Structures are given as C-alpha cells and as structure tokens.
Amino acid sequence: IVATELKSFAATETFDALVRDLATAPEQEGPAAETSRPVVIGWGRQDRLCLPRQSARAMGAFPSARLHWFEKCGHFPMWDQPEETIQLILDETDT
C-alpha cells in the first residue's frame with residue numbers, strides 16, 4: 001500500500017515543483033491563513049521525519065491548536081493508525 005501511495009505522489013504533475021519548493025522556498029511563519037475552525041495537529045510518537053520534540057515549534061506556530069499524539073505511529077498516521085486517524089477527523093469535523 002505504501003509503495004503504491006508513494007508512486008502515485010511521484011507521478012503527480014506537481015511533484016517536482018513541490019520538492020523544489022520544499023527545498024528552496026522561504027520558511028513559513030505561522031499559519032498560512034486564519035481559520036474559524038479549531039486546528040488539531042496530529043503527531044506520531046515514533047515520527048522520525050518530524051521528531052516529537054519539534055511539536056513545540058508547531059504549537060508555537062499554531063498556538064490555539066490542540067496537539068493529538070498518535071501512539072505507536074510514525075510520520076503517516078493514516079497508514080500506521082488508520083482507525084484512530086479516521087475517528088479524529090470525524091470527531092473534529094462533527095461528522
């Protein structure tokens with residue numbers, strides 16, 4: 001499943017531009033836009049790309065957000081904890 005997902009990302013027309021922007025664009029400062037909806041940041045306790053200690057920086061950028069920790073989860077909660085991810089989205093969107 002993961003290989004299929006990653007191949008589909010790489011095959012998108014915008015992939016090269018995305019990688020270029022991630023590598024060379026200026027660092028984002030704070031939220032891109034204000035929202036009237038609550039923001040929830042989901043973070044995997046075993047994330048090796050965005051290390052758990054970096055969550056403080058994310059919360060600094062989004063001070064009104066709520067941080068949700070995914071246990072036994074890496075960088076992709078939708079792969080590592082799909083049921084919990086779905087439930088979090090449904091709970092936060094009142095669906």
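**Exercise 1. Is R66 buried, partly exposed or exposed?**

Determine the class of R66, and then follow its side chain to its charged partner.

*Solution.* The model is predicted, and every value below is computed from it. R66 has a relative accessibility of 38%, and it therefore counts as partly exposed, given that the partly exposed class lies between 20% and 50%. The next step is the partner: R66 forms a salt bridge with E92, and the closest N and O atoms of the two are 2.5 Å apart. This pair links distant parts of the chain, since R66 belongs to strand β2 whereas E92 belongs to helix α5 (residues 82–92), 26 residues apart. E92 is likewise partly exposed, at a relative accessible area of 26%.

**Exercise 2. How many salt bridges does the count come to?**

Give the count, and describe the bridge that involves R45.

*Solution.* The count comes to two salt bridges. R45 meets E71 through the side chains, with an N to O distance of 2.9 Å. E71 lies in the loop between β2 (66–70) and α4 (77–80), and R45 in the loop between β1 (40–44) and α3 (55–61), so the pair ties together parts that are 26 residues apart in sequence. As to accessibility, E71 is partly exposed with a relative accessible area of 44%, and R45 is partly exposed at 34%. In general terms, side chains of opposite charge can pair when their charged atoms come close.

**Exercise 3. Why is C50 in no disulfide with C73?**

Work from the whole-structure search to the two cysteines, and then state how accessible each of them is.

*Solution.* A search of the whole structure finds zero disulfides. The closest cysteine sulfur to that of C50 is in C73, at 12 Å, which is too far for a bond; the cut-off that applies here is 2.5 Å. Seen from the other side, C73 is in no disulfide, and the nearest cysteine sulfur, that of C50, is 12 Å away. C50 is partly exposed, its relative accessible area being 29%, while C73 is buried, with a value of 1%.

**Exercise 4. Which residues form the aromatic pair that is tilted at 50° between the planes?**

Begin with the number of aromatic pairs, then treat each pair in turn.

*Solution.* The count comes to two aromatic pairs. W43 and W69 make up a tilted pair, with 6.5 Å from centre to centre and 50° between the planes. W43 is in strand β1 and W69 in strand β2, so that distant parts of the chain, 26 residues apart, are linked by the pair. W43 is buried, with a relative accessible area of 9%, whereas W69, at 22% relative accessibility, counts as partly exposed. F76 and W79 form a tilted pair as well, with a centre-to-centre distance of 4.3 Å and an angle of 40° between the planes. Both members of that pair can be classed in the usual way: F76 is partly exposed at 28%, and W79 is partly exposed at 23%.

**Exercise 5. Which residues does S55 touch, not counting residues up to four places away in sequence?**

Place S55 in its element, class it by accessibility, and list its contacts.

*Solution.* S55 is located in helix α3. Its relative accessibility of 9% is under the 20% limit, and S55 therefore counts as buried. The side chain of S55 reaches the backbone oxygen of P52 at 2.9 Å. When residues up to four places away in sequence are left aside, S55 touches W43, L67 and W69. Two of these names return from the preceding exercise, where W43 and W69 form an aromatic pair.

**Exercise 6. In which element of the chain is confidence lowest, and in which is it highest?**

Set the local results within the chain as a whole.

*Solution.* The chain has five helices and two strands, which run α-α-β-α-β-α-α from the N terminus on. Confidence is lowest in helix α1 (residues 2–11), at a mean of 78, and highest in β2, at 97. Over the chain the mean pLDDT is 85, and 91% of the residues reach 70 or more. The C-alpha trace spans about 35 × 35 × 30 Å along its principal axes, and buried residues make up 15% of the 95 residues. Finally, among contacts between residues at least 6 apart in sequence, 56% join residues at least 24 apart.

Definitions and conventions. Residues numbered from 1 in each chain as written. Predicted model: local features only at pLDDT ≥ 70, side-chain atom pairs only at ≥ 80, totals over all residues. Heavy atoms only, no water. Buried < 20%, exposed > 50% of the residue type's maximum accessible area, 1.4 Å probe, protein only. Salt bridge = Lys/Arg side-chain N within 4 Å of Asp/Glu carboxyl O. Helix = DSSP H or I, 4+ residues; strand = E, 2+ residues; numbered from the N terminus. Phe/Tyr/Trp six-rings, centres within 6.5 Å; stacked < 30°, edge-to-face > 60°. Polar contact = N/O pair within 3.5 Å; in protein donor to acceptor, adjacent residues only side chain to side chain. Contact = heavy atoms within 4.5 Å. pLDDT = per-residue confidence, 0-100.
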